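Visitor: Could you walk me through a few local features of this model?
Guide: Gladly, let us look together.

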Amino acid sequence: MIDFTFTEEQEMFRKAAREFAETQVAPHVEEMEKTGEVSDAVVKALGEAEMMAITIPEEYGGLGLGYTERLIAVEEISRVSVATGMMLQVFALGIEPIVKFGSEELKKKYLPGLAKGEILSTTAVTEATGGSDPTGIRSSYKKEGDNFILNGRKCFITNSHIADTITVLAKDEDNPKAFCAFVLDKDMEGWKATHKEHKVGMRGCNTGELAFENCVVPASQLLGEEGKGLRVTMAAIGDVGRGGMVGVALGLQAACLEESIKFANERILYGKPIAALQTIQNKLADMKIDLEAGTLLGYRAAAMQDKGGRSSNEFAVAKYYTTEACQRAAKMAVDIHGGYGCMEEYAVSRYMRDSYVVGPSAGTSDIMKVIIGRWVLS
């Protein structure tokens, strides 16, 4: 028998996450849209509400919860602010390699502060020459005594200018088949945030470039085994990055549907609400079907993870479906709003812009199909 219901504790967590999003995040959405900056007040609230502690083990100050609870939190927050949901999901992406591959010294050094939201994290893999294919990156390291010397540039990094610590992937400059993953502190000499991107959507989520020039990284900052860093970062992206984007996409779909229902019931045409028109009902039905299907795909994958299995392939399926569906939902929401959908004071115009940023994050739809195709053929 397959149980599709949440536990009582998970239902309580969802209610708490929704209340948090509506009371602590929603009041700052307009400000973030105008400035294009992450709200300090929102970040502080996330830490105080322990939204950053979800997957961190209890012995390091975290809640010790699972992937299901993380998906719930990201979905509920994204329903109010896709930008904040994205920031939180990449924060968790930066934590995962420390939890799974960090030494006890690194866990004690970083996890308590991350759990409280006192320090922020991210992961830096993507470069102009390698993102979907991380083996194409050019950032390199060489070992000198007890240190690694890191050089290179990273692009499209979420939380680039606000992160205090990052997980960085680089290759051995003498052996292009060997990779290492490191945890870097912001105060390490030779690391700086450079260009800040101005995206069409997710304006309240910081994205930019990072540069490393002869950055000295102590060997104690290594994650996992030397030369096997590709496994460290790809496991995090497959299990956490894709799963987080499922949450972002589901939250955006829910928001599109809710705003469309409200508008359809209030907008009068031919003497009655447009909700009475079959063409509008069809769009709402399509949005609901996509949301229900994506929810089942996403939470199935999260449940598999929580039971101790790997579900990166299942998350690839859910990520593909939900990120494509959120673009469909955003377009239908704008269509339902008609001319009003093109006006910035209506949230659906933001949803449309946000939906186009959700798509390529943590792997484009085309790459998801490649992963799924390999899975099928295996």
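What follows is a short conversation about some helices, strands and single residues in this predicted model.

Visitor: Let us start with helix α5. What span from first C-alpha to last does α5 reach?
Guide: Helix α5 covers residues 82–101, which makes 20 residues. At 1.5 Å a residue, the expected span is 28 Å. The model comes close to that, as α5 reaches 29 Å.

Visitor: Where in α5 does a kink lie?
Guide: The proline to look for is P97. Shortly before P97 the helix has a kink of about 25°. That kink lies at I95.

Visitor: How many residues of α5 are buried?
Guide: A residue counts as buried when its relative accessible area is under 20%. By that cut-off α5 is mostly covered. Of its 20 residues, the number buried is 18.

Visitor: Which word describes how α3 and α5 lie to each other, oblique or parallel?
Guide: Helix α3 spans residues 40–48, and its axis is 12 Å from that of α5. The two pack at an angle of about 50°. Angles under 35 degrees count as roughly parallel and 65 to 115 as roughly perpendicular. The pair α3 and α5 is therefore oblique.

Visitor: Is the crossing of α3 past α5 left-handed or right-handed, and which residues in α5 meet α3?
Guide: As α3 passes α5, the crossing is right-handed. From α3, the residues involved are V42, V43 and L46. On the side of α5 they meet T84, M87 and L88.

Visitor: Now to α4 and α7. At what angle do they pack?
Guide: Helix α4 runs over residues 67–80 and helix α7 over residues 229–266. Their axes are 7 Å apart, and the crossing is right-handed. The two helices are oblique to each other. Their packing angle is about 40°.

Visitor: What is notable about the phi of F156?
Guide: Most residues other than glycine have a negative phi. F156 belongs to strand β3, residues 147–158, and counts as exposed at 56% relative accessibility. Its phi is positive although F156 is not a glycine, with a value near 55°.

Visitor: And N214, is it buried or partly exposed?
Guide: N214 sits in strand β7, residues 207–218. It too is a residue other than glycine with a positive phi, about 50°. Its relative accessible area is 47%, and the range between 20% and 50% counts as partly exposed. So N214 is partly exposed.

Visitor: Which residues does K192 touch, beyond those up to four places away in sequence?
Guide: K192 lies in strand β6, residues 191–196, and is exposed, with a relative accessible area of 51%. F212 is 20 residues from K192 in sequence, and their C-alpha atoms are 6.8 Å apart. Leaving aside residues up to four places away, K192 touches E209, L210 and A211.

Visitor: Last one: how far apart in space are Y320 and R70, C-alpha to C-alpha?
Guide: Y320 is found in helix α9, residues 312–337, and is partly exposed at 23% relative accessible area. Beyond its neighbours within four places in sequence, Y320 is in contact with S365, M368, K369 and I372. In sequence, Y320 and R70 are 250 residues apart. In space, C-alpha to C-alpha, the separation is 19 Å.

Terms used. Residues numbered from 1 in each chain as written. Predicted model: local features only at pLDDT ≥ 70, side-chain atom pairs only at ≥ 80, totals over all residues. Heavy atoms only, no water. Helix = DSSP H or I, 4+ residues; strand = E, 2+ residues; numbered from the N terminus. Expected span 1.5 Å × (residues − 1). Bend = angle between axes of the 7 residues up to and from the residue. Buried < 20%, exposed > 50% of the residue type's maximum accessible area, 1.4 Å probe, protein only. Axes fitted to C-alpha atoms, helices over the stretch in contact; angles between N-to-C directions. Parallel < 35°, antiparallel > 145°, perpendicular 65-115°, else oblique. Left-handed = near helix turned anticlockwise from the far one by under 90°. Contact = heavy atoms within 4.5 Å.
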